[in-house]
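Welcome, and take a moment to turn the model around before reading on. We will begin with one small detail, step back to the whole chain, and then visit a few places one by one.

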Amino acid sequence: MSDQAREEWWQSAVVYQVYPRSFRDASGDGVGDLEGLREKLGYLSDTLGVDAIWIGPFYPSPMADFGYDIADHRDVDPLFGDLAVFDRLMEDAHAAGLKVLIDFVPNHTSDRHPWFAASRRSRDDPLRDWYVWRDPGPDGSPPNNWLSVFGGSAWELDGPTGQVYLHSFLVEQPDLNWRNPAVREAMLDTMRFWLDRGVDGFRIDAPLFMMKDPGERDNPPNHAGIVRIHKPMGAYDAQLHLYDQGHPDIHDVFRVMRAVLDEYDPPRTSIGEIHEFDPRTLGSYYGEALRGLNMPANFGLMKTPWTAAGVRAVVDALEAGIPLHGWPNWVLGTHDDPRLATRLGGDEARQAAVLLLTLRGSPTLYYGDELGMREADIPPEKQRDPWARREPGLGRDGCRTPMQWSAGPGGGFTAAPEPWLPMGADHDVRNVETELRDPDSMLGLYRRLLRLRRRSRALRRGAYRPLDGVPAECFAYVREEGAGRAAVVISFCSDPLTVDHPDLAGRIEVSTERASEGREVAGRLELGPQEAVVLGRLTHG
Ligand code: NOJ
């Protein structure tokens, strides 16, 4: 077997994203913490049955962007605990069979980071070139038209030295200068710091921003109103972002990061936050000879009509477009996007669960989506996201409300009188405790799917083959390896549907309609409205 075809642990893993502020508050201050997460490891590894967790930023931070503004890369913010708690969490997670990925934020730091404090002190400071400083125009204008993702110019004048610095995100998040070898080395050492502590990999934040056009040319206007990523970005969409991110030199950065991950045994992994929708371009980030990102995150399913043809088009294009042996990632929810069950609808979110956990690749599953948590409507006075304050309507608080563990005040998340964001309005009925008692719940469905995936090698590792000759309102595919075969059929039809296909044979193992489970199928499958099923002769193991 060639090196590239080697089986890696992360290729079988379902990764669960924990937004640490919102998962479980053990300290009672209304904000989630690492000890709270540690208490809930059993839920993740056994009750739910995922294989890995990705923990959002927990580093010391002024929290201008809730932890994506890091003031010290090598510690834990007291709000979340300390390094000893982190070590205990790692130990217990590993003992429970869970791998741990953490957020790595390479493009920027907090403006309170000691590096930036030094860098802004004087034009001659040895760390001046660790960030991107330029002279403003004679009239004080910025050096080019680049925009901050969160609104306004990406350049900020810093009084004392009379120069501007670049911040692709908030003013409080100055961009590091990745063209400076010393920055590179310092950040690679940061990776090693956590890898030496035992972490199994990183989710890499906003990585394309690390390499900009060296000529720093103006971005052209977006006259055609092209929506570049999977959602509108407000004022940021006024330009085509050709020059402020994604310069091809980024491939070399990914290569050196990968080399660090590969220094460890077994090799650690990376999921890069890449918003690219052309499969060839997305595929390029796996790198030459697959020596780049282990998995570029794949948001394709969030940018397609929720129809059989729309979903199949994304899956087929990805399968055809990424490099041979490139291992896909699938995303349907994150801490930056409106909740899945609100975006798609309740029944559609059940179809989405089947899809997410049966496609070829390693899915990332956003906390609470397994309960069908809805986007919360946060009144303006309780909104916390800085983006909401700058561009009303783009705020991300609605998908960051506390995990709904049980009914009652605090929802099993906190004992504090008020959590940092309000509990979702439906938390009395939609919560872990209630849903565990109801096998027809969203949680029941996720648990059955995760269990099936654990015992089916075809689902974890098998090839993907779409089925033609099925009704237009349904998307059907087979995952197969050796004698093991799972067929997945998802009906997008609001009426019952009959599907005839010779590959549809075997037992219905999991369905969005539990009553269908256990039925034997032999070439003809009767589906209820919007039903999604997994069936077949699954070789276990
Ligand atoms: C992407 C992260 O997912 C988002 O939450 C954050 O605000 C930006 N990067 C800046 O780090």
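In which loop is Pro266 found? In this predicted model, Pro266 sits in the loop between helix 6 (250-261) and strand 8 (269-272). Look at the bond that leads into Pro266: the peptide bond from Asp265 to Pro266 is cis, with omega near -5 degrees. That is worth a pause, because most peptide bonds are trans and most residues other than glycine have a negative phi.

The second half of that rule has its exceptions here too. Leu290 is not a glycine, yet its phi is positive, at about 55 degrees. You can find Leu290 in the loop between helix 7 (279-284) and strand 9 (295-296). With a relative accessibility of 13%, Leu290 counts as buried, because the cut-off for buried is under 20%. Gln530 is another residue other than glycine with a positive phi, near 55 degrees. Gln530 lies in the loop between strand 16 (520-527) and strand 17 (532-537), and is buried as well, with a relative accessible area of 17%.

Now let us step back to the whole chain. Its secondary structure comes to 14 helices and 17 strands. The radius of gyration is 23 Å, close to the 24 Å that the globule rule gives for 541 residues, so the chain is as compact as a globular protein of that length. Along its principal axes, the C-alpha trace spans about 75 × 50 × 45 Å. Of the 541 residues in the chain, 62% are buried. Among contacts between residues at least 6 apart in sequence, 69% join residues at least 24 apart.

What about the outside of the chain? The accessible surface comes to about 19600 Å², and 52% of it belongs to carbon and sulfur atoms. As for charge, the chain has 60 positive and 83 negative side chains, and the centres of these two sets lie 4 Å apart.

Helix 4 (residues 114-121) is a good place to see how a helix can have two sides. Here Trp115, Phe116, Ala118 and Ser119 are buried. These residues are on the same side of helix 4, because they cover an arc of only 160 degrees around the axis. The general reason is easy to picture: an α-helix has 3.6 residues a turn, so residues three or four places apart point the same way. The buried residues of helix 4 pack against strand 4 (133-134), strand 6 (163-166) and helix 5 (181-196). On the face turned away from this buried side, helix 4 carries the exposed residues Pro114 and Arg121.

Helix 10 (residues 346-356) gives another picture. This helix is mostly covered, with nine of its eleven residues buried. Among the buried residues of helix 10 are Ala349, Ala352, Val354 and Leu355, and also Glu348 and Arg350.

Next, turn to two places in loops. Gly372 is in the loop between strand 11 (362-366) and helix 11, and is buried, with a relative accessible area of 2%. Leaving out residues up to four places away in sequence, Gly372 touches Ala341, Arg430 and Met442. Gly372 and Asn431 are 59 residues apart in sequence, while their C-alpha atoms are 9.1 Å apart in space.

His427 belongs to the loop between helix 11 (386-390) and helix 12 (432-436). Is His427 buried or exposed? Its relative accessible area is 11%, and His427 is buried. Setting aside neighbours within four places in sequence, the contacts of His427 are Gln404, Ser406, Ala407, Gly408 and Gly411.

Our last stop is Val489, in strand 14 (residues 484-491). Val489 has a relative accessibility of 0% and counts as buried. Which residues surround Val489 in contact, apart from its neighbours within four places in sequence? They include Cys474, Phe475, Ala476, Val499 and Leu504, as well as Leu525, Leu527, Glu531, Ala532 and Val533. Val489 and Cys474 are 15 residues apart along the chain, and 6.9 Å separates their C-alpha atoms.

Notes: Residues numbered from 1 in each chain as written. Predicted model: local features only at pLDDT ≥ 70, side-chain atom pairs only at ≥ 80, totals over all residues. Heavy atoms only, no water. Helix = DSSP H or I, 4+ residues; strand = E, 2+ residues; numbered from the N terminus. Buried < 20%, exposed > 50% of the residue type's maximum accessible area, 1.4 Å probe, protein only. Contact = heavy atoms within 4.5 Å. Rg over C-alpha atoms; globule rule 2.2 N^0.38 Å. Areas by Shrake-Rupley, 256 points an atom, 1.4 Å probe, with all protein chains shown as cover. Lys, Arg positive; Asp, Glu negative; His and termini not counted. Charge placed at Lys NZ, Arg CZ, Asp CG, Glu CD. Arc of directions from axis to C-beta.
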